[in-house]
Amino acid sequence: MNAKPLLSAAVLLGLWLAAPSPALADKNRWIRTQGHRVGLELDVLSKSADWTEDDVTSEVSTFGLSFALVGQLRWRDRLYLDAELPLAYGSLSASYRSERLGVDESSSASSFLFGNPTLGAHYARTFYRRFAVFFGGAFSIPVLDDPDENARAALQATTPARAFFDLHRLIPEHFPLRVRGGVEAKVGARLFYRADTAVTLALPTAGGGAELLVEQGSELELRGKGALGGGLRLQAALTLTRDDMAQLALEPFVSYEPAKSAFHGRAGLLVALDAPLGFGLADDKVTTLRLAIGHRF
């Protein structure tokens, strides 16, 4: 049994128990990068494609379910500890049929994966009660070493789910180092703007080359008078070490955050806009259902 995921879980639990627990003031609850938070993120991606020529029919289907336990704990006045524990299940199946050739073949592969646990820290500060900034760094423990055929099929099914965002969670045979920063702003009584940028350098652990990734996301959220809200997120993932460097995606979302509860939730539909993963509503392209729940404490 691989002991790395168990060790990572023990580290996360230790950070949880060691941290103090004052709640984030209600007036600043719109600031996501401050206060104590714990959450679960879930991404579901299912896609298929088929080709027919004469009497030959081929079909390829993939299903990916990836989720991550995430935590943010206040350590010092404006310094926070961050942790992520990603897991995933993916399957890939293919079939090939031809009556003329007398062929009817199919194959499949699937696997459950422990992703690369991530530990980090960030600094966050609020200015004038309407504007907040944050910056920090993190590293991921390279758990995904030498994946077999089933594990590679699972990675193929799950890696595109976030349109190449957060690749540090599931990148195999690399040691990711990550710096990130961003802003959050209250631009109206119930209108909020958030922007984040991250740069990841993934160093190879088993041959191959390094990967340099840049992620940028911006979103607007409008909250109603009650618990419901909604908005749009536009994101770009740049893989600077590949030929096709850019991947754009758009996510409309709805949010739920009761005024008298520390729980919050969000549901979105991430649609890849351009090649290679888009346009997302076409066959064999990426449209991902994204769900998240969390708790402030």
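A249 is a good place to start: leaving aside residues up to four places away in sequence, A249 touches A163, R233, L234, Q235, L270, V271, A272 and L273. This is a predicted model, so keep that in mind as you explore. A249 also belongs to the largest nonpolar core, which has eight residues in all. From there, we can visit a second core, a helix, a surface patch and two loops.

**Nonpolar cores**
- Alongside A249, the largest nonpolar core holds L45, A161, A163, L270, A272, L277 and V286.
- Another core lies apart from the largest one; seven residues form this other core, including L113, A151, A154 and L155.
- In soluble globular proteins, nonpolar side chains tend to be buried together.

**Helix α2**
- Helix α2 covers residues 149–158, and its buried residues are A151, A153, A154, L155, A157 and T158.
- Which strands do the buried residues of α2 pack against? Their partners are β1 (37–53), β2 (56–74), β3 (79–98) and β4 (103–114).
- Two of these buried helix residues, A151 and A154, are also among the members of the seven-residue core.
- An α-helix has 3.6 residues a turn, so residues three or four places apart point the same way.
- Look at the start of α2 as well: there, a side-chain oxygen of D148 comes to within 3.3 Å of the backbone nitrogen of N150.

**A nonpolar patch on the surface**
- Nonpolar residues appear on the surface too: F139, L177, V179, V199, L201, L203, L212, L238, L240 and M245 form a patch there.
- Together, the residues of this patch have about 720 Å² of accessible area.
- Strands β7 (174–186) and β8 (191–204) each supply at least two residues of the patch.
- Which strand gives the most to the patch? That is β8, with three residues.
- L238, one of the patch residues, is found in strand β10 (residues 228–239).
- Is L238 buried or partly exposed? L238 counts as partly exposed because its relative accessible area is 30%, which falls between the limits of 20% for buried and 50% for exposed.

**Two exposed loop residues**
- Y128 sits in the loop between β5 (118–127) and β6 (131–140), and Y128 is exposed because its relative accessible area is 78%, which is over 50%.
- Y128 and Q156 are 28 residues apart in sequence, and their C-alpha atoms are 45 Å apart in space.
- D54 is in the loop between β1 and β2, and D54 is exposed, with a relative accessible area of 70%.
- Back to A249: D54 and A249 are 195 residues apart in sequence and 36 Å apart in space, C-alpha to C-alpha.

Terms used. Residues are numbered from 1 along each chain as its sequence is written. This is a predicted model: local features need pLDDT of at least 70, side-chain atom pairs count only at pLDDT 80 or more; totals for chains, interfaces and linings use all residues. Side-chain values use heavy atoms; hydrogens and water are left out. A nonpolar core is a set of buried Ala, Val, Leu, Ile, Met, Phe, Trp, Tyr and Cys residues joined through side-chain atoms within 4.5 Å. Buried means under 20% relative accessible area, exposed over 50%, partly exposed in between (1.4 Å probe, protein chains only). Contact means heavy atoms within 4.5 Å. Patches are made of residues with over 30% relative accessible area and no salt bridge: like charges are joined within 9 Å, nonpolar side chains (Val, Leu, Ile, Met, Phe, Trp, Tyr) within 5 Å. Accessible areas come from the Shrake-Rupley method with a 1.4 Å probe; for residues, only the protein chains shown count as cover. A salt bridge is a side-chain nitrogen of Lys or Arg within 4 Å of a carboxyl oxygen of Asp or Glu. Helices (H or I, at least four residues) and strands (E, at least two) are DSSP runs, numbered from the N terminus. A polar contact is a pair of N or O atoms within 3.5 Å; within protein, one must be able to donate a hydrogen and the other to accept it, and residues adjacent in sequence count only if both atoms are side-chain atoms.
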